[in-house]
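Q: I would like a close look at one part of this protein, its open and enclosed spaces. Please keep it brisk.

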Amino acid sequence: MKEAMLEMLVQAELTSSNLQQVQDEHWNWKLNAESNSIGFILLHMAETVNLFGTFFEIPTDVQNTTMGFEDNGQGKDIQESKGLIKRGFSNLKDLIESAEEEYWKGIIFTPFFGEVSRFRLFSHILFHHFHHSGQISAIMKKGRKHEN
């Protein structure tokens, strides 16, 4: 299981390589005036990977400013968000390398999904990341700068 999970992390990095194209000036790009900006989505991805890590007892100093919030210009610092994403995935990698297979079968409670296995929550983090990477790709191709 450990090798497969590490391969999933490698694939996550490859699949979301489009995030490398995002630069500081793209923070307020949107598909339309009502949609979320690249900066907000990227910050949301960063917060989620780190905050969901707390369910695995990975400590974080990241605060939630996006889950359950509207886009009000949060996420202007693209490089900081990218760094937080990298940190969150690095923490997951360290955990995968150190945890025994039984750990991932263990059940935890989350306010979002109720009781789930740790592996299912890990999978959700990856799916969430892919989903939002796709949104950012669409905005980079079809979006434009919008004032918040």
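How many nonpolar, polar and charged residues does the lining of the largest pocket have?

A: This is a predicted model. By class, the lining of its largest pocket has 7 nonpolar, 5 polar and 4 charged residues. Together, 16 residues line this pocket. Its volume is about 490 Å³.

Start at the centre of the pocket. The lining residues closest to that point are Leu9, Glu13, Ile85, Lys86 and Phe89. Now turn to the helices. Helix H1 spans 2–15, and helix H3 spans 78–98. Each of them supplies at least two residues of the pocket lining. H3 gives the largest share, with 6 residues.

Next comes the enclosed space. Searching the whole structure turns up 1 cavity of 30 Å³ or more. The largest cavity holds about 40 Å³ of space. Its lining consists of Met45, Thr48, Val49, Ile85, Phe89, Ile125, His128 and His129. Three helices each supply at least two of these lining residues: H2 (38–53), H3 and H5 (118–142). By class, the cavity lining has 5 nonpolar residues, 3 polar ones and no charged ones. The pocket lining, by contrast, has 4 charged residues.

Finally, link the two spaces. Ile85 and Phe89 are among the residues closest to the pocket centre, and Ile85 and Phe89 also line the largest cavity. Helix H3 supplies at least two residues to the pocket lining, and H3 supplies at least two to the cavity lining as well.

Note on methods:
Residues are numbered from 1 along each chain as its sequence is written. This is a predicted model: local features need pLDDT of at least 70, side-chain atom pairs count only at pLDDT 80 or more; totals for chains, interfaces and linings use all residues. Side-chain values use heavy atoms; hydrogens and water are left out. On a 1 Å grid over the protein atoms alone, a cavity is a set of points where a 1.4 Å probe fits but cannot get out, and a pocket is an open set with protein on both sides within 12 Å along at least five of seven lines; lining residues have an atom within 4 Å of a point. Grid points are joined across faces, edges and corners, and a volume is the space filled by probe spheres set on the points. Helices (H or I, at least four residues) and strands (E, at least two) are DSSP runs, numbered from the N terminus. Ala, Val, Leu, Ile, Met, Phe, Trp, Tyr, Cys and Pro count as nonpolar, Asp, Glu, Lys and Arg as charged, and the others, Gly among them, as polar.
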